[in-house]
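Got your viewer open and a selection box ready? Load the model and let's walk through it stop by stop.

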Amino acid sequence: MNKSKNPKPLIVFYILVFYVFLQFGWWAYLIFELNVEITDLKKEIAVIKGESNQSDLSEFDNALHKKLLMVIGEGSVFLTLLFIGFYQVKKSFMREFALARQQQNFLLSVTHELNSPLASIKLYLQTLLKRQSISDEKKENLLNKALIDVERQSKLVNNVLLAAKLEDNSFQFKIERINLSETIEQLIENHPQETHKVVKKINNDVFINADLAAIQSIFTNLFENALKYGTTGEPVEIVVEEQAQSVALTVKNKGVKIPEREIGKVFEKFYRLGDENTRSSKGTGLGLFLVKFFTEAMDGKIKARSNSNGETSFTAYFKLPN
């Protein structure tokens with residue numbers, strides 16, 4: 001699907017704006033000319049009647065000058081308001097167009113994310129049902145693969161539900177003192193994978209005041225994002241440290257550099273790099289949106305960095321506990 005940066009409705013809008021401003025300029029010119037003609041006519045009539053002198057003619061010129069200034073002043077105000085109105089209409093249109101494109105990407109990605117695991121799970125179950133003489137080792141292998149796909153589905157549904165709760169402000173934060181070091185260690189242990197080596201630089205007993213579910217969502221999405229976009233075989237580095245004024249949770253990977261113009265957009269809802277029809281990586285564009293929302297909701301901040309070598313890092317900063 002070819003998504004043009006300048007959709008046809010926007011081109012029509014530009015043509016309409018150009019036409020309106022052109023007509024406004026033409027009307028302004030006609031008003032100027034009409035006032036000048038009327039003033040000249042008044043002068044001629046006064047001269048014919050012999051009722052004019054130099055001071056009378058100067059009064060005509062002064063009156064014309066005031067009228068022209070009034071036209072310029074009122075025209076400038078009208079032109080400014082017109083420009084602001086057109087700018088706001090264009091801004092609203094572009095925002096709606098971007099949202100529609102993001103939602104379309106989201107629907108395409110969700111459809112793929114739902115269909116692919118379901119097809120795999122169906123195949124595993126059909127294999128188990130049809131083959132009576134399958135070995136226990138093969139059965140266990142198929143069941144483990146099915147379980148992985150179920151977990152993937154569960155995470156997708158959880159992210160969608162979380163985004164819906166955030167949208168209607170129904171998510172309830174339960175702030176408590178948690179051991180961030182132990183929490184991250186447990187999440188890594190519960191997320192085994194074979195494509196990347198995990199390098200842990202986790203200081204012991206680093207505490208923060210936060211919502212446990214939010215922290216789990218933040219790390220899980222950052223970790224899966226690093227695994228998804230990192231080059232296979234390259235290490236994923238996880239850092240938990242207490243700094244001078246904050247606690248930092250960093251997830252680093254090495255893969256493709258995020259363009260500078262895109263680095264600030266990756267936290268937008270539904271936003272993903274590239275086109276959903278040609279993209280090979282999986283995802284819905286909700287993970288980093290949830291990361292940013294949860295981090296900032298707990299008075300923290302999130303920063304993304306990506307250099308020319310393809311080293312990308314996301315760091316969530318949290319306040320030191322009192």
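Before we click on anything: two strands count as paired if DSSP finds at least two bridges between them, and strands (E, at least two residues) and helices (H or I, at least four) are DSSP runs numbered from the N terminus. You're looking at a predicted model, where local features need pLDDT of at least 70, side-chain atom pairs count only at pLDDT 80 or more, and totals for chains, interfaces and linings use all residues. Residues are numbered from 1 along each chain as its sequence is written, and side-chain values use heavy atoms, with hydrogens and water left out.

Select 246-254 for strand β5. Seven of its nine residues are buried (under 20% relative accessible area, 1.4 Å probe, protein chains only), so β5 is largely enclosed by the rest of the structure. Now add β4, residues 236-242: β4 and β5 pair antiparallel over six bridges, with a three-residue hairpin joining them. Pick Ile238 and its bridge partner in β5, Val251.

Next, bring in β7, residues 311-319. β7 runs antiparallel to β5, with nine bridges between them; Ala248 has Tyr317 as its bridge partner in β7.

Stay in β7 and click Ser313. Is Ser313 buried or exposed? Buried, at a relative accessible area of 11%. Skipping neighbours within four places in sequence, its contacts (heavy atoms within 4.5 Å) include Thr250, Val251 and Lys303.

Last stop: helix α3, residues 136-167. Put a distance label on its end C-alpha atoms: they are 46 Å apart, which agrees with the expected span (1.5 Å times one less than the number of residues) for 32 residues. Colour its buried residues, among them Leu142, Asp149 and Leu166, then step just past the helix to Asn169, with a positive phi of about 55°.

How values were computed. Buried means under 20% relative accessible area, exposed over 50%, partly exposed in between (1.4 Å probe, protein chains only).
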